[in-house]
Amino acid sequence: MRMINVKVQTGKVHDWLKILHKGVGLKVRVGIGLVEMLVGELGLDPEFIDSTVKTIFLDGRPVDDVEAAKVKGGATLALAGAMPGLVGACMRVNSPFAGFRSSITYSGGDEGLQEADGEIELKLFNMVADAVGSDFMGRGVIVPARRVAEVLEDDETRAGVLLMTLDGRPVDGVELDGILEEGGTVFLQVS
């Protein structure tokens, strides 16, 4: 897998956070509890989780019992702050309106999962992306090369780039564009 490192002007990492909305791959321990995933693997502060992360989806299903849920390899984990409106209120963790979505609520089926090295897809939205997205981008994420190319299509985002390296050597935009057109997945760090 090719490694792309992008150094940007101060405050410009935010231009790259849209990648997190579509989902990024992370190498983590899987077969573990959701709280252990959030704190131990993703490095989120428990207080941040309680105060800011109001909506959690695991494999497309809203989660209420964060203590019981387990994250398997290949899972998609989506995190967001409170979302507006009735739908947003219904999707919140332990919502008083959870009965409206009982047929889609995450209900387990995790028995027998073994802890192992694996990969998950992480999606971050709204205030959660704003608060911790730059941390994930700085540590590095796995993304389709096409998504990196899409972000770089924006002239303002490209103007904020100070240096780009590919596998440890500096590259210009034209060379990187050619590599990205080849497709596949890349390990991307933005700082």
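Which residue in S8 is the bridge partner of Lys27? In this predicted model, the partner turns out to be Glu119. The two strands involved, S2 and S8, run antiparallel and are joined by seven bridges. The link between Lys27 and Glu119 doesn't stop at the strand pairing, either: the two residues also form a salt bridge, with the closest N and O atoms 3.2 Å apart. Lys27 sits in strand S2 (residues 24-30) and Glu119 in strand S8 (residues 116-124), so the salt bridge ties together parts of the chain that are 92 residues apart in sequence. As for how open the pair is, Lys27 counts as exposed because its relative accessible area is 61%, while Glu119, at 32%, is partly exposed.

Strand S8 has another partner as well. Strand S7 (residues 76-80) pairs with S8 in the parallel sense, over four bridges. Here Thr76 has Glu121 as its bridge partner in S8.

Back in strand S2, Gly25 gives a view of what surrounds this part of the chain. Is Gly25 buried or exposed? With a relative accessibility of 9%, Gly25 falls under the 20% cut-off and so counts as buried. Once neighbours within four places in sequence are set aside, Gly25 is in contact with Glu119, Ile120, Val141 and Ile142. Glu119 thus comes up again, as a contact of Gly25 and as the bridge partner of Lys27. Tyr106, on the other hand, is 81 residues from Gly25 in sequence, and their C-alpha atoms are 21 Å apart in space.

On to the other salt bridges. A search of the whole structure turns up 12 of them. One of these pairs Asp167 with Arg2, and the closest N and O atoms are 2.6 Å apart. This pair links distant parts of the chain, 165 residues apart: Arg2 belongs to strand S1 (residues 2-8), and Asp167 to the loop between strand S10 (161-166) and strand S11 (169-170). Both ends are partly exposed, Asp167 at 42% relative accessibility and Arg2 at 32%. Another salt bridge joins Glu175 to Arg169, with 2.5 Å between the closest N and O atoms. Glu175 is partly exposed at 32% relative accessibility, and Arg169 is likewise partly exposed, at 39%. There is also a network: Lys12, Asp15 and Glu156 are joined by salt bridges that share partners.

Asp167 deserves a second look for its backbone. Most residues other than glycine have a negative phi. Asp167 is not a glycine, yet its phi is positive, at about 50 degrees. Asp59 is a further case, with a positive phi near 55 degrees in a residue other than glycine. Where is Asp59 found? Its place is the loop between strand S4 (55-58) and strand S5 (61-62). Asp59 counts as partly exposed, given its 34% relative accessibility, and Asp167 lies in a loop too, the one between S10 and S11.

Helix H6 (residues 145-152) shows what being packed away looks like in this model. Six of its eight residues are buried, so the helix is largely enclosed by the rest of the structure. The buried residues of H6 are Ala145, Arg147, Val148, Ala149, Val151 and Leu152. What covers them? The covering elements include helix H1 (18-22), helix H7 (155-159) and helix H8 (173-181), along with strand S9 (141-144), S10 and strand S12 (185-190). S10 therefore helps cover H6 and also comes just before the loop that holds Asp167.Finally, there is the question of open space. Rolling a probe the size of a water molecule over the atoms shows where empty space is left. The largest pocket has a volume of about 250 Å³. Its lining is made up of 14 residues, and Ile49, Asp50, Ile56, Val66 and Val93 lie nearest the centre. Helix H2 (34-41) and helix H3 (46-51) each contribute at least two residues to the lining of the largest pocket. Sorted by class, that lining has nine nonpolar, four charged and one polar residue.

Methods:
Residues are numbered from 1 along each chain as its sequence is written. This is a predicted model: local features need pLDDT of at least 70, side-chain atom pairs count only at pLDDT 80 or more; totals for chains, interfaces and linings use all residues. Side-chain values use heavy atoms; hydrogens and water are left out. A salt bridge is a side-chain nitrogen of Lys or Arg within 4 Å of a carboxyl oxygen of Asp or Glu. Buried means under 20% relative accessible area, exposed over 50%, partly exposed in between (1.4 Å probe, protein chains only). On a 1 Å grid over the protein atoms alone, a cavity is a set of points where a 1.4 Å probe fits but cannot get out, and a pocket is an open set with protein on both sides within 12 Å along at least five of seven lines; lining residues have an atom within 4 Å of a point. Grid points are joined across faces, edges and corners, and a volume is the space filled by probe spheres set on the points. Ala, Val, Leu, Ile, Met, Phe, Trp, Tyr, Cys and Pro count as nonpolar, Asp, Glu, Lys and Arg as charged, and the others, Gly among them, as polar. Two strands pair if DSSP finds at least two bridges between them. Contact means heavy atoms within 4.5 Å.
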